[in-house]
Amino acid sequence: MHGGRADSGRILSPFARTLLALCVIGARALGGVLPEDRADVLWHVYNGGDLTVEGPSVLVRKKVGDSLSLSAGYYEDMISSASIDVKLSASPYHENRKQENYGVDYLHGKITYSAGYIHSREPDYIADTTYYSVSQDMFGDLTTLTLGYRRGWDQVFRDVKTPNGVLENDPTFHQRAEHRGYSLSLSQILTRNAIANFNYELLTDQGYLANPYRKIRYLSPGLGQGFTLADQIYPGTRTSNAGSLQLKYFLPWRAALTGQYRFFRDTWGIVAHTAEVDYTHPLGNRWILDGSLRFYRQNHADFYGDLFPRANYQNFMARDRELAAFHSYTVGAGASYLFQVPGVPWLNKNTINLRVDHLLVDYGDFRDALLAGQYGAGNEPLYKLNANIFQVFVSIWF
Amino acid sequence: MELTMKLTRAALALLLGAALAGCAAPTAWVKPYEREHFADPIMSFHRDPISSSYLEHVLETREGAHGATGAVGGGCGCN
Amino acid sequence: MSLAQYKGQVVMLNFWASWCGPCRQEMPLLESIYRKYNRMGFVLLGVNVEPDSQAANEWLKQTPVSFPILYDKDSRVSKLYDVAGMPSTVIIDRGGKLRVLHRGYKPGDENEYLDSIRTLIRE
């Protein structure tokens with residue numbers, strides 16, 4: 001999981017921080033069947049734009065009795081180096097974000113009631129989230145309806161550099177943000193070989209949604225690089241709507257093909273489209289191969305600007321590249337190998353997995369401001385991001 | 001908030017409708033004994049949740065859009 | 001095959017599949033029920049509903065049962081008994097009449113089976 005304050009503080013958008021709180025880990029029990037007992041241990045690496053974030057992730061799920069399933073997880077981001085955002089206004093650093101999550105699923109007849117709690121902590125950011133959902137099978141179990149609600153509370157702090165060059169917490173800075181999410185999911189078996197999911201989510205954010213480290217820039221000919229940095233100013237609220245459709249089809253030679261599309265729109269003027277195709281192909285009895293291709297496109301937020309014409313140009317201003325206009329491609333491949341542990345019969349199913357994804361982002365109106373001296377402020381080349389994402393994990397079922 | 005109230009009412013109406021609809025259910029056109037494919041792990045939308053949620057998060061924190069990425073879907077027809 | 005040969009006995013049909021979790025969970029309990037009541041005029045038939053029996057046979061090798069397994073590959077029997085949930089259990093009395101239809105399996109359901117079987121055996 002990315003983001004986290006220092007990371008988000010300097011490298012990623014404020015939403016990274018709020019989103020990490022909203023991210024729900026683990027499979028949620030659906031309708032009339034509880035998820036399987038399993039444990040996963042994963043190591044993740046993100047490498048791109050001079051930024052490296054890596055760390056462990058552990059997830060355990062166990063049934064207690066016949067109606068209860070408990071889950072717990074731990075996740076860590078170890079952030080090092082600095083991205084383009086950091087280089088512009090700060091200096092390289094290292095930081096850690098730690099997250100723990102707990103969940104419970106209770107099955108009663110055909111209905112599953114779920115609840116959970118996520119706690120994320122960084123030196124300058126604390127995020128807590130609780131979520132609840134109800135899921136029911138109906139219409140001969142061909143349909144599953146899930147309603148969910150989540151609530152998040154963030155505490156935002158700020159680190160400043162002392163004259164000795166040490167990062168220290170600024171005691172005068174303590175902000176809060178609140179998030180609420182309402183979701184609806186409908187899963188429908190269409191034919192013997194096809195299943196479809198429809199998802200809708202409404203999210204509202206309010207409070208301090210900005211970033212105390214990120215800066216905007218405005219034109220100032222003759223001064224420095226031709227531009228001057230200033231604090232960003234964000235609106236105090238945001239409402240987002242997202243709707244998606246996923247379709248999975250079983251192919252006769254035993255393989256699965258998935259297509260998905262998501263539409264997103266919010267009160268900040270962002271409209272985004274996401275489309276993805278996935279293919280899963282088992283090989284023999286032990287191997288499962290996966291391939292995926294994802295396309296994403298968004299326009300910029302109303303108050304976004306790479307270079308504002310002058311100081312205090314408008315009420316709200318931001319230069320966070322997550323709010324810029326851009327499109328991206330993600331290509332991914334994965335391999336999973338099934339093995340047994342000799343002499344340990346209760347470990348009846350184990351897998352070792354590897355997954356690699358390559359992310360290419362092409363910004364439409366976010367420029368590489370570090371090159372202002374060379375090209376002139378506002379004429380720098382548009383930024384492009386290339387990143388690699390690695391995952392290695394072992395899963396055991398018991 | 002007004003929007004919250006509207007949504008709560010809509011959600012309750014939907015849930016009620018679904019509950020009532022369960023009383024007058026259409027016949028399942030895919031019989032329980034025909035649902036073997038949906039028990040196959042390759043037909044799961046999130047086969048390895050620890051991995052799919054990580055990747056989803058990496059992408060979400062770099063994009064403006066978020067949400068509606070779906071819960072696990074489908075039943076095996078059991079129970 | 002016909003059930004006529006079992007007339008005079010209490011017959012329990014259990015519709016199952018190897019891919020169905022609750023079905024697999026139920027099997028050992030059915031086995032113990034069969035062993036206990038088999039000599040008292042009770043017969044248990046496992047009806048496997050999979051078009052391809054390979055997975056079912058492999059599972060049975062690992063978890064063998066002593067009651068007969070029938071294969072309903074073309075779903076004729078499933079349709080005949082209107083199987084609407086997996087697993088499904090049907091109990092037929094000594095006179096050949098269908099008396100109990102139980103859909104699904106939750107731990108504790110085996111007690112319901114035992115009650116029905118005891119009642120029907122005494123008839």
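Where in chain C is the place of Pro87(C)? Pro87(C) sits in the loop between helix H3 (76–80) and strand S4 (88–92) of chain C. Helices here are DSSP runs of H or I with at least four residues, strands are E runs of at least two, and both are numbered from the N terminus. A cis peptide bond joins Met86(C) to Pro87(C), with omega at about -5°.

This is a predicted model: local features need pLDDT of at least 70, side-chain atom pairs count only at pLDDT 80 or more, and totals for chains, interfaces and linings use all residues. Residues are numbered from 1 along each chain as its sequence is written, while chains are lettered from A and ligands numbered from 1 in the order in which they are written.

**Chain C**

Chain C has 4 helices and 5 strands. Along the sequence they follow the pattern β-α-β-α-β-α-β-β-α. The C-alpha atoms fill a box of roughly 40 × 25 × 25 Å along the principal axes. The radius of gyration of chain C is 13 Å, which agrees with the value near 14 Å for a compact globule of 123 residues. That radius is taken over C-alpha atoms, and the globule rule is 2.2 Å times the number of residues to the power 0.38.

Of the 123 residues of chain C, 32% count as buried. Buried means 20 or more other C-beta atoms within 10 Å of the residue's own; exposed means 12 or fewer, partly exposed lies in between, and C-beta atoms are placed from the backbone. Among contacts in chain C with a separation of 6 or more, 68% link residues 24 or more positions apart. A contact requires C-beta atoms, placed from the backbone, within 7 Å.

**Positive phi**

| Residue | Phi | Place |
|---|---|---|
| Asp50(A) | near 65° | loop between S1 (38–48) and S2 (51–64) of chain A |
| Asp82(C) | about 55° | loop between H3 and S4 of chain C |
| Arg254(A) | near 65° | hairpin of S12(A) and S13(A) |

Asp50(A) is partly exposed, because it has 14 C-beta neighbours inside 10 Å. Asp82(C) is exposed, with 11 other C-beta atoms within 10 Å.

**Strands of chain A**

Strand S12 (237–251) of chain A runs antiparallel to strand S9 (194–207) of chain A, joined by 13 bridges. Pairing requires at least two DSSP bridges between two strands. Ala196(A) has Leu247(A) in S12(A) as its bridge partner. S12(A) also runs antiparallel to strand S13 (255–266) of chain A, through 12 bridges. Here Phe250(A) is partnered by Ala256(A) in S13(A). The hairpin of S12(A) and S13(A) has 3 residues between the strands.

Definitions and conventions. Two residues are in contact if their C-beta atoms, placed from the backbone, lie within 7 Å.
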